[in-house]
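Here is a walk through one protein model, written for someone who would rather look at residues than at summary scores. Keep the viewer open as you read.

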Amino acid sequence: MKIVFMGTPDFAVGTLRALARAGYEIPLVITQPDRPRGRKHEIVDGPVKAAAVSLGIPVCQPEKIRKNPEIFERLREIKPDMIVVAAFGQIIPENILELPRYGCINVHASLLPAYRGAAPIQHAILDGCDKSGVTIMRMDRGLDTGDMIASREVPITQETTGGSLFDELASVGAQLLVDTIPSIVDGSASYTPQPAESTTAYASMISKEMGHIDWTRSASYIERLVRAMNPWPCAFTETDGRMLKIWKAHVTDNEGNAAAPGEAVLKPDRSGMSVKCGNGMLALDEVQLAGKKKMPVADFLRGVHDDGLLFFG
């Protein structure tokens, strides 16, 4: 069976490799164009492209698949039985959706119909969900609105970060797809229509500014923000005109003598500090000052000369 694969980031790599291990013929991988990466903004291969090259699979990188009729003609020549999509990052036109006989099958990192959109992983953590998961669906013209075929749950704990959930769902999604394809092919798969409306707000793309901490929010919300934005863009604040990234934190009952949101209280032995929030206090565990490495908050405080209070904005 011939499967064309569409995907771009790390999340999709495991699915591509799982399809290859399962013995499916993959005549083409379609992925986003290479982008500048890192501090030097060098053009490097995207994760899926790099994986495809290592597997010896031809790669196509259209800027806009909807505006590139040559892609459709190439796919029509290939005659794929199925197109698998995992975090591709572009809207797929209807003529391509209808081309393969088993349809375009999407690996989506949420328990649909919850968290349709580009960033379901971060939004699930930010909203305080106790579980997430992966849904295999048959794509239609809508945004993550197609019929659901299979799903698998993954718990979200107090230790779950955006990065750890990303990795877990990528692995779970790859295996779930491989487990589901035979039922699609033999006709035994069940296709469950989604309701017209999602059960949650649209999971919009994450921007760097979303990591900026608003200390008037509750301590529990900010703690979730810290986990959701780890590793990118990372929750951050400012102190003395410098950015301070917060990599790890926890809610604490220690009120100290802070009066206003953003005001931090140091422990007497300077081994830790807590920040006043709109509701409650947040203890910072691991931080990173601009230009420095990650460090335990006690190490950060060794360079702070204030006797008891800091203010973050």
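What follows goes from the whole chain to two helices, then to a few single residues and some backbone oddities.

**The whole chain**

First off, this is a predicted model. The protein has 8 helices and 16 strands. Its C-alpha atoms fill a box of roughly 70 × 40 × 30 Å along the principal axes. Of the 313 residues, 51% are buried. If you look at contacts between residues at least 6 apart in sequence, 66% of them join residues at least 24 apart.

On the outside, the accessible surface comes to about 15,200 Å², and carbon and sulfur atoms account for 50% of that. As for charge, there are 34 positive and 38 negative side chains. The centres of those two sets lie 5 Å apart.

**Helix 1 and what it packs on**

Helix 1 covers residues 10-21. Does its length add up, or is it off? Let's see what the numbers say: with 12 residues at 1.5 Å each, helix 1 should span 16 Å, and its end C-alpha atoms are 17 Å apart, which agrees. The buried residues here are Phe11, Ala12, Val13, Thr15, Leu16, Ala18 and Leu19. A bit of helix geometry helps when you look at that list: an α-helix has 3.6 residues a turn, so residues three or four places apart point the same way.

Which elements do the buried residues of helix 1 pack against? There are strands among them, namely strand 1 (3-7), strand 2 (29-30), strand 6 (82-86) and strand 7 (104-108). Helix 2 (47-55) and helix 6 are partners too. Just after helix 1 comes Gly23, with a positive phi of about 90°.

**Helix 6 and its bend**

Helix 6 runs over residues 162-186. Its 25 residues should span 36 Å at 1.5 Å a residue, and the end C-alpha atoms are indeed 36 Å apart. Even so, helix 6 bends by about 30° at Thr180. A proline, Pro182, follows within four residues of that bend. After helix 6 you reach Gly187, whose phi is positive, near 85°.

**Three residues to click on**

Start with Ala228, which sits in helix 7 (residues 219-228). Because its relative accessible area is 1%, Ala228 is buried. Leaving out residues up to four places away in sequence, Ala228 touches Gln122, Ile125, Leu126 and Gly162. Ala228 and Ile121 are 107 residues apart in sequence, yet their C-alpha atoms are 7.9 Å apart in space.

Next, Thr239 in strand 10 (residues 235-239). Is Thr239 buried or exposed? With 8% relative accessibility, Thr239 counts as buried. Beyond its neighbours within four places in sequence, Thr239 is in contact with Leu244, Leu289, Phe311 and Phe312.

Then there's Thr145, in the loop between strand 8 (131-138) and strand 9 (147-155). At 24% relative accessibility, Thr145 counts as partly exposed, since the cut-off for buried is under 20%. Residues up to four places away aside, Thr145 touches Arg116, Met137, Asp140 and Gln194. Gln194 is 49 residues from Thr145 along the chain, and their C-alpha atoms are separated by 6.3 Å.

**Backbone oddities**

Between helix 7 and strand 10 there is a loop that holds Pro231. Pro233 has its place in the loop between helix 7 and strand 10 as well. Both prolines come after a cis peptide bond, as the table shows.

| Peptide bond | Form | Omega |
|---|---|---|
| Asn230 to Pro231 | cis | near 20° |
| Trp232 to Pro233 | cis | near 5° |

Two residues other than glycine have a positive phi worth a look. Lys79 has a phi near 55°, and it lies in the loop between helix 3 (69-78) and strand 6. With a relative accessible area of 62%, Lys79 is exposed. Asp240 has a positive phi of about 50°. Asp240 is found in the loop between strand 10 and strand 11 (242-252). Why does Asp240 count as exposed? Because its relative accessibility is 77%, and exposed means over 50%.

Methods. Residues are numbered from 1 along each chain as its sequence is written. This is a predicted model: local features need pLDDT of at least 70, side-chain atom pairs count only at pLDDT 80 or more; totals for chains, interfaces and linings use all residues. Side-chain values use heavy atoms; hydrogens and water are left out. Buried means under 20% relative accessible area, exposed over 50%, partly exposed in between (1.4 Å probe, protein chains only). Contact means heavy atoms within 4.5 Å. Accessible areas come from the Shrake-Rupley method with a 1.4 Å probe; for residues, only the protein chains shown count as cover. Lys and Arg count as positive and Asp and Glu as negative; His and the chain ends are not counted. The place of a charge is taken as NZ of Lys, CZ of Arg, CG of Asp or CD of Glu. The expected span of a helix is 1.5 Å times one less than its number of residues. The bend at a residue is the angle between axes fitted to the seven residues ending there and the seven starting there.
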